[in-house]
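Please consider the structure shown below. The paragraphs that follow begin at one residue and then widen to the chain as a whole.

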Amino acid sequence: CAPPPSQPDPQTLWLNTSIDRLESALIQWYSAQALPLYQERVAFFARQLGLTATPSVALSNARQRWGSCSSAGRIRLNWRLLKATSAEMDYVIAHEVAHLKHMNHSPRFWATVAQLYPDFQEARRSLRQHTALYQQF
C-alpha cells in the first residue's frame with residue numbers, strides 16, 4: 001500500500017491499519033467526527049429550549065435506536081447517525097433534547113419537538129426511509 005500523498009485529498013480517508021481492524025478503525029473515525037458535532041447540536045437545541053446547562057452527550061453503538069435521553073439528563077446518540085442528512089440528524093437530536101422537558105411521547109413532547117425543529121415530520125419520515133442503509137455498517 002502506497003503512503004498517503006503529502007497534500008491529501010480532503011475527500012479521501014487514509015487508514016493505516018490491517019484489513020482485520022478496518023471496521024474498528026472506521027468506527028473510531030466516525031465516532032471522532034460525530035461526538036463534537038453532536039455536542040454542538042445538542043447545545044444549540046438546549047439553548048432553544050431555554051436550558052442554561054448543556055447536557056452531557058455520549059455515543060451509542062445501538063443497532064435499533066438513534067438516541068436516548070436518561071432521566072438524569074444524559075443524551076446518547078448513535079455514531080451511525082453521522083451518515084444521515086443534517087435534517088435527519090437534527091430531528092433525532094431535537095427529539096432527545098425535547099425529552100429533557102418531557103420524558104414521554106405525549107402531545108406536549110411532540111409540540112416541544114416541533115418548537116425545536118419545525119420540519120421534524122419530514123426528517124422523521126426520511127430517516128425511517130433510510131435507516132436500513134445507515135445501519136448496514
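In this predicted model, Phe137 is in contact with Glu23, Leu26, Ile27, Tyr30, Arg63, Trp79, Arg80 and Lys83, leaving aside residues up to four places away in sequence. Phe137 belongs to the segment that follows helix 4. One of its partners, Arg80, stands 57 residues away along the chain, yet the C-alpha atoms of Phe137 and Arg80 are 7.9 Å apart. Is Phe137 buried, exposed or partly exposed? Its relative accessibility is 23%, and because buried requires a value under 20% and exposed one over 50%, Phe137 is classed as partly exposed.

The chain as a whole supplies the setting. It contains four helices and three strands, arranged from the N terminus as α-β-β-β-α-α-α. Of its 137 residues, 38% are buried. Among contacts with a separation of 6 or more, 50% join residues 24 or more positions apart.

The interior may be taken next. The largest nonpolar core comprises 31 residues, and Tyr38, Leu77, Tyr91, Ile93 and Val97 have the most contacts inside it. Two or more residues of this core come from each of helix 1 (22-48), strand 3 (75-78), helix 2 (86-98), helix 3 (107-116) and helix 4 (120-135). Helix 2 is the greatest contributor, giving seven residues. Tyr38 illustrates how such a residue is surrounded: apart from residues up to four places away in sequence, it touches Val57, Leu59, Leu77, Asn78, Trp79, Leu81, Leu82, Met89 and Ile93.

Two of these partners, Met89 and Ile93, also appear where helix 1 meets helix 2. On the helix 1 side of that contact are Leu37, Tyr38, Arg41, Val42, Phe45 and Ala46, and on the helix 2 side are Met89, Asp90, Ile93, Ala94 and Val97. The two helix axes come within 9 Å of each other and cross at roughly 55 degrees. Helix 1 is therefore oblique to helix 2. The crossing of helix 1 past helix 2 is right-handed.

Helix 4 completes the account. Its buried residues are Phe120, Ala123, Ser126, Leu127, Tyr134 and Gln135. Strand 3, helix 2 and helix 3 are among the elements that cover them. Where does helix 4 kink? The kink is centred on Gln129 and amounts to about 45 degrees. Beyond helix 4 lies the segment that holds Phe137, the residue with which this description began.

Conventions:
Residues numbered from 1 in each chain as written. Predicted model: local features only at pLDDT ≥ 70, side-chain atom pairs only at ≥ 80, totals over all residues. Heavy atoms only, no water. Core = buried A, V, L, I, M, F, W, Y, C linked by side-chain atoms within 4.5 Å. Buried < 20%, exposed > 50% of the residue type's maximum accessible area, 1.4 Å probe, protein only. Contact = heavy atoms within 4.5 Å. Bend = angle between axes of the 7 residues up to and from the residue. Axes fitted to C-alpha atoms, helices over the stretch in contact; angles between N-to-C directions. Parallel < 35°, antiparallel > 145°, perpendicular 65-115°, else oblique. Left-handed = near helix turned anticlockwise from the far one by under 90°.
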